[in-house]
Each structure stands twice: as C-alpha cells, then as structure tokens.
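This report covers burial, cysteines, selected side-chain contacts and internal cavities. The sequence and structure come first.

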Amino acid sequence: LSSPGVACAHLVSGPKRSFNHLTFKEIVQVSNRNTFAQAEEVESFDRLNMSGEKLPSLGELRKKIDACDRQLIKLLNDRMKVCQQIGQAKSRMLAAERKDTANGETKKKQVYRPVREKLVFDKVSRINGSTPGPLTEAAVKAIYREVMSCSINLQQPTTIGFLGPKASPSHHAAINRFGASMAYKPIEKTADILKLVEKGEISYGVIPLGNSHAGVEGDTLDVLASTPMKVYAEIEVPAAYHLLSYSKELNNIKRVYAHSPIIKQCATWLTVNLPKISCIPCHSNEDACERVVADGKESAAISIQLSADLTGIPILMENLQNKATVSRFFVISQVCEPPSGEDKTFIIFSLMDSQGALYTALRGLKDAGVNLTNIESRPSGSKAWDYNFFVRMDGHEQDKNISTAIDSLRKICSYVRVLGSYPANNYQ
C-alpha cells in the first residue's frame, strides 16, 4: 500500500475519504478489524511494479490461494481413498494366506513399509526437482511425511510405542519418522516395548541405539539379544537443544532445569552464558519443563523442540549443544523388510573358546566381501568373560555376500542370529 492514509481509507466502508478525514474512533475500528479481504471489496486500486505493469491485489492473490487449496484438498482426499483401497487389498491378500505355512504363526499386515516409504520420498523429490518452483527437497519431504502418516493410519490404525515419557528423544524420533497422524504410547522400559510389539499390542516400537557423542546404549543391545523381534528400520535425528523459558531476557533466569545427559552436552554454552547459574538435573525433558511451568519467568529448561510444542513454553535461545551430535534409533517390528537395494544388516554372534576365534570370524566376513560399519561387544550373561558381538554391515541378509558371510559364521560360532535387515537411512 502506498501510504498509511491510503491503507486506512480503503478499510473504511462507505465513500472514499482521505486519511485526514477519518476520526480517531474510525482509525481504531480499522486497526481492530484486522482484515484486508474487506478492504479490497471496498475499493480496488492499481499496483504497479517498476516497469509499470499492473500487479494483482492482495485479494486477488488470496483468491488464487483459495483455489489452490480447493484443488489440494480434493487431490489429497482422492489419494486417501486410494490408500483405503490399498489397505483393503492387503487385508484380502492376508486373509488368503492367514497362516504361515512354515511355522503356523498368524501373519500381521504391515502397513508401514520403510522400503515403500523410501521409494515415495525419492519419487516426489525427483518430481519436485523437475518442476519449476520454490519448494525445497526438505520441504517436500516434510509435507509428504504427513501425507504418508495419514495414509498409513487410514489403512490401519497404528500405535507407536517409544521409550520414556512424552518429549523424550525416542518420542521426538518416532514423530520424526511416523508423523502426526499416529497414536503414540510412552513406555518406561526398552524390554517392555519389545514385549508389546511381540504381543501385537502396539504396531511398532522406537528404541534408542545411541548417539555420536556418547556411543551405543548397552542396555538396548542386551534387550535385542534376548528377543525374537526384528529391527525394521533406523532413524537418525540431529540433536538440537534449546533454552525454553517464559522470560524474554536471559539476565532474568535464576534457575535452569535439564535432563542429566543434556547438561553435559550443553556445558560449554552454560559456562559462557550463565556462569553463575547452576543447572538442576531432572529425570526427563518432561520433568524439566513441568518445573518451569510451576516456577514461572525466573526459570528455564534445556530441552528439544518437541517440548516447546507440547508445553507452549517459548524458546528463548536455540542450539545450545557443544557440538553436532546425531542420535540413532531403531524401529522394532515382528518381521524384517525385503531388500530395497540399499540396506543394512544387524547380527549378533558368540564365539567358541578357541585361539584367534574373533580374527577368524572377522576374516570370514572380509573374505565374503562384507563391509562392516560397526562392531560392539557386551557380556553374554551366560558365564563369566563370555561376550556377544553385535555387528552392523552394509547389505541385506538375502544378498549373496551377506548370506555367505553368515553361513561362514555359523560354522565357527556357538551362536549366530540376524537381528534385522532394513533400508539404509539415507533419505531423511
């Protein structure tokens, strides 16, 4: 708009008047009305760009947005109807083979398919790349994350179990992967998550594997060693910790609450910016934020974006972490995914008590052409100084080199089991 006077004159109903002729009461009424749509019904006026070309008015642009929204909603509903038909087709296929002929166990329909998800993300990224427009690849994936979330839940209501209370890292990772349309269930223990997946009481479980700062969660490995459930997918989430507070000034903060592991990861920022404030350890992100809600403006919590979303506490400062850290999580299911062409396999094995046993085992993997990406050891619990080895490698258990490597391990190891094969997490 060319001037405040023109803006107000166009917002007042009735004959056109200049800004100087408006009463104070009319100006206040204009300010409170807070709408431009009515303004452009009162009077239209020319908007010219630098070359003298007439530009569309705000009302005209909003009408275009409304038209686009109508098309989008229709197309989204059309897509969801097809998704419902896909769900019905899957149910018919499952009914035809209700019993697994190998072991007599009842099969369960898998509505979340990481391989299919990856194909969809790759497809829409290619389409966006070949379509002129301002949408970034990250924006397209974020939009389709929610489209996929709704599609999955329409096919079959889906519940995701995650470790910890609300706003835990596993909760954040679960929403990051499954979107907002799912039902989420906080669970206190990793072992309980796997048991609920096995019983079919939750659709999938999300458990922490570790992060690039502190390493692997030993407890998670121990639980995976004792369950028939499978690693179905992996999630990688960059850690980002923020200062949440009702205060608008850092100088007003008298107390800071944070989950104990987060304090260490933000120690440098705390030393530089709040050197006289001691950080109070809490049991969880949820606990830290609850204390801020109770305390008021003189306190703050260090937590993740999800905490701010759930509690409504404003973010005062962003990215307090000492260095870039990536956290990794596993999605747990009753089954493995078929090969996607770009996969990882996670196995566990125990060695026989013989000289050079570990060397022989690893040499067999090398000779099969397997690329190992990680190896960890944990006490087996069966006897003193006996260990389980957890190995992650590139490829799927159905790939020839991976199956050859696993067969070679079975010949020299006392125990070998595939914990899961799943698509490599290279599309988030």
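Cysteine 266 counts as buried in this predicted model, because its relative accessibility is 0%, under the 20% limit for that class. Cysteine 413, at 6% relative accessibility, also counts as buried. A third residue, lysine 344, is buried as well, with a relative accessible area of 16%. The table lists these values.

| Residue | Relative accessibility | Class |
|---|---|---|
| Cysteine 266 | 0% | buried |
| Cysteine 413 | 6% | buried |
| Lysine 344 | 16% | buried |

How many disulfides does the count give? The count comes to 0 disulfides. For cysteine 266, which is in no disulfide, the nearest cysteine sulfur belongs to cysteine 279 and is 8.2 Å away. A disulfide requires two cysteine sulfur atoms within 2.5 Å, so a pair at that separation does not qualify.

Across the chain, 41% of the 428 residues count as buried. The secondary structure consists of 15 helices and 15 strands. Among contacts with a separation of 6 or more, 71% are between residues 24 or more positions apart.

Lysine 344 belongs to strand β12, which spans residues 343-351. Which side chain forms a polar contact with that of lysine 344? The partner is glutamate 234, at 3.1 Å. Once neighbours within four places in sequence are set aside, the residues in contact with lysine 344 are Glu234, Arg328, Met393, Asp394, Gly395, Gly420, Ser421, Tyr422 and Ala424. Glutamate 234 thus appears both in this contact list and as the polar partner of the lysine side chain.

Asparagine 211 lies in strand β3, which covers residues 204-211. A polar atom of the asparagine 211 side chain is 2.5 Å from the backbone nitrogen of alanine 214. Apart from neighbours within four places in sequence, asparagine 211 is in contact with Gln265, Thr325, Val326 and Ser327. Between asparagine 211 and proline 238 the C-alpha to C-alpha distance is 9.2 Å, with their positions 27 residues apart in sequence numbering.

Two of the contacts of asparagine 211, Gln265 and Thr325, also belong to a cavity lining. The model has 2 cavities of 30 Å³ or more, and the second largest holds about 30 Å³ of space. What lines the second largest cavity? Its lining is made up of His213, Gln265, Gln321, Asn322, Lys323 and Thr325. By class, 5 of these lining residues are polar, 1 is charged and none is nonpolar.

How values were computed
Residues numbered from 1 in each chain as written. Predicted model: local features only at pLDDT ≥ 70, side-chain atom pairs only at ≥ 80, totals over all residues. Heavy atoms only, no water. 1 Å grid on protein atoms, 1.4 Å probe; cavity = no way out; pocket = protein on both sides within 12 Å on 5 of 7 lines; lining within 4 Å. Points joined across faces, edges and corners; volume = space filled by probe spheres on them. Nonpolar A, V, L, I, M, F, W, Y, C, P; charged D, E, K, R; others polar. Buried < 20%, exposed > 50% of the residue type's maximum accessible area, 1.4 Å probe, protein only. Helix = DSSP H or I, 4+ residues; strand = E, 2+ residues; numbered from the N terminus. Polar contact = N/O pair within 3.5 Å; in protein donor to acceptor, adjacent residues only side chain to side chain. Contact = heavy atoms within 4.5 Å.
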